Amino acid sequence: MKYAFFPGCSLESTARSFDISTRAVCRTLGIALVDIPDWTCCGSTPAHATSDSLAVALPVLNLQKARSLGLPVMVACASCYARLRTANHRVSNDPEDLRRAGRITGRPYDGGVEVRHVLDVLVNHLGLDAIRAKVSRPLAGLQVACYYGCLLTRPPEVVAFDDAEHPTCMDELVAAAGAESLDWPFKTECCGASLSMTHSEVASRLSHKLLSMARTAGADCLAVACPLCQVNLDLRQADAAKAHGAFRPTPVLYITQLLGLALGISFKNLGLDALTVGAKNLFAKRDSGAVGFAGGKP
Amino acid sequence: MTNPIPWSGSGLLEEVRQRSGTEVSACFQCHKCSTGCPIGPEMDFLPSQIMRLVHLGAENEVLGSQAIWLCASCEACTTRCPMAIDIAGVMDALRIMAIDRQTVLPDAHGKQFHRSFLGSVRRHGRVYEMGMMATYKLRTFDLLSDVEKIPQMLAQGKLSLLPNRSGGIKGVREIFRRAEEEDRKP
Ligand code: SF4
Ligand code: SF4
């Protein structure tokens, strides 16, 4: 199993641990990743919010580079994933977008390079059985609230590997890792995304709402698959508590970090030492060699 | 009853329809978009109100609203609209129109962030977060917010003091140039 990998800018900076853990998990599970050579930024929200042309052309430039590798593309960042999928959708469905993308990039591109999110690859291509077979240190007793955020499942005409309002693929992975995934209501609510830069008080309000609900549902930690979600929820906990009331600090882990632990990969090789709200306590008992494991209940 | 918003015909509706490629006139004001909008509490106009203002041709109100810059592009509205209107796409079209017409914005933070971000992509091919944040903070005079988080992020390797340039930088600059030409086309 082989994919062209599009890391995206966040995975080189604020989401380095998503990069590290995605690569480590793929290596362990036998998914070969080839970085798209000289990949460039997908344009993210600033492109689609200010220039219709950049919004199509920046992703297409990368998809053309992937085409030369002759491989389907795997993306980890939910925002990059949505931008690459949207560009494919637009050039495939709108002849004017198709022509415009060709004019701007100087090469024709028909939208034909397949783009999949790492969750999609793990659950629907590799399959849960193959993953379960490799789980060597199950996360028994850990209660996880899976948080999907906005862009992994929306809009369904563009992404569509899981249900838009009630996705389950991350929950299935958490279960395969031996942990318990919780039923909770804010799985696909928004964390505020890049408003974190421009209106941090909005991001604090939304983070507070999400984290306190996850706590009420009994979560020991959250699992996420998007750099913006991880940074907003992990980095803003102190601000959120100050503005909207105290709650117990809750580690926010990338799903690849949780899965990696179950696959026996070390804390450090999953970038788990770079969390603001640390996860050491959650795993202390297991790491001390005890049989079984109880998560740090609230 | 008189309409407090001066009627300016359907020019706005038609332009938004063309730019967003979605049928704004199909909106029948069920407010489902607004009910699920995470940023509703902070917005001056809710998404359904923006749709209605577009119907009414209230260009100044719409293009000068805070709502279009507060919208987080979460796509909840687009996913749920019973009339299959791409409301998030309408928000994009309105932001682009506000920039084109140089509308004076009540709060320019969103626009300045987007400019700083794209400026970084144009220079480096990828986003250089430290540089981008510095530019953004200078543009908005918002120098102190979140600075306390920077040392920790540097220590964790989440921020870097040097840009990480892509080898594809030439291609990106060319794309910015041609995209500007395309966007200028009528
Ligand atoms: S959900 Fe659709 S139809 Fe209902 S108010 Fe919003 S835009 Fe109009
Ligand atoms: S895309 Fe914008 S308007 Fe629509 S629900 Fe999300 S924040 Fe609100």
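For the exercises below, Ala, Val, Leu, Ile, Met, Phe, Trp, Tyr, Cys and Pro count as nonpolar, Asp, Glu, Lys and Arg as charged, and the others, Gly among them, as polar. The structure is a predicted model.

**Exercise 1. Describe the second largest cavity by its volume, its lining and the class of its lining residues.**

Step 1. Begin with the count, which comes to six cavities of 30 Å³ or more; the second largest cavity holds about 120 Å³ of space.

Step 2. Identify the lining, to which 17 residues belong, with C37(B), P38(B), C71(B), C74(B) and C77(B) lying nearest the centre of the cavity. In chain B, the elements that give two or more residues to this lining are α2 (32-36), α6 (76-80) and α7 (87-100), and α7(B) gives the most, with three residues.

Step 3. Sort the lining residues of the second largest cavity by class, which yields 14 nonpolar, two polar and one charged. Cys and Pro count as nonpolar, so the five residues nearest the centre, C37(B), P38(B), C71(B), C74(B) and C77(B), fall in the nonpolar class.

**Exercise 2. Characterise the interface of chain A and chain B by its contact residues, its buried area and its polar pairings.**

Step 1. Take the extent of the contact, in which chain A takes part with 57 residues and chain B with 52 residues; between them the two chains bury about 4900 Å², and 60% of this area is on carbon and sulfur atoms.

Step 2. Turn to the pairings, where the rule finds three salt bridges across the interface of chain A and chain B, as well as 10 residue pairs in polar contact, with both residues at pLDDT 80 or more. One of the side-chain pairings is the salt bridge between E182(B) and R103(A), with an N to O distance of 2.7 Å, which satisfies the cut-off of 4 Å.

Step 3. Locate the side of chain A that touches chain B, to which α2 (44-50), α3 (52-69), α5 (95-105), α9 (195-198), α10 (200-216) and α11 (227-235) of chain A each supply at least two residues. By class, this side of chain A has 25 nonpolar, 19 polar and 13 charged residues.

**Exercise 3. Work out what surrounds the second largest pocket and how its lining divides by class.**

Step 1. Note the volume of the second largest pocket, about 160 Å³, and then its lining of 10 residues, of which R248(A), P249(A), P251(A), G278(A) and N281(A) are the closest to its centre.

Step 2. Divide the lining of the second largest pocket into four nonpolar, three polar and three charged residues.

Note on methods:
Residues numbered from 1 in each chain as written. Chains lettered and ligands numbered in written order. Predicted model: local features only at pLDDT ≥ 70, side-chain atom pairs only at ≥ 80, totals over all residues. Heavy atoms only, no water. 1 Å grid on protein atoms, 1.4 Å probe; cavity = no way out; pocket = protein on both sides within 12 Å on 5 of 7 lines; lining within 4 Å. Points joined across faces, edges and corners; volume = space filled by probe spheres on them. Helix = DSSP H or I, 4+ residues; strand = E, 2+ residues; numbered from the N terminus. Contact = heavy atoms within 4.5 Å. Buried area = accessible area lost by both parts, 1.4 Å probe. Polar contact = N/O pair within 3.5 Å; in protein donor to acceptor, adjacent residues only side chain to side chain.
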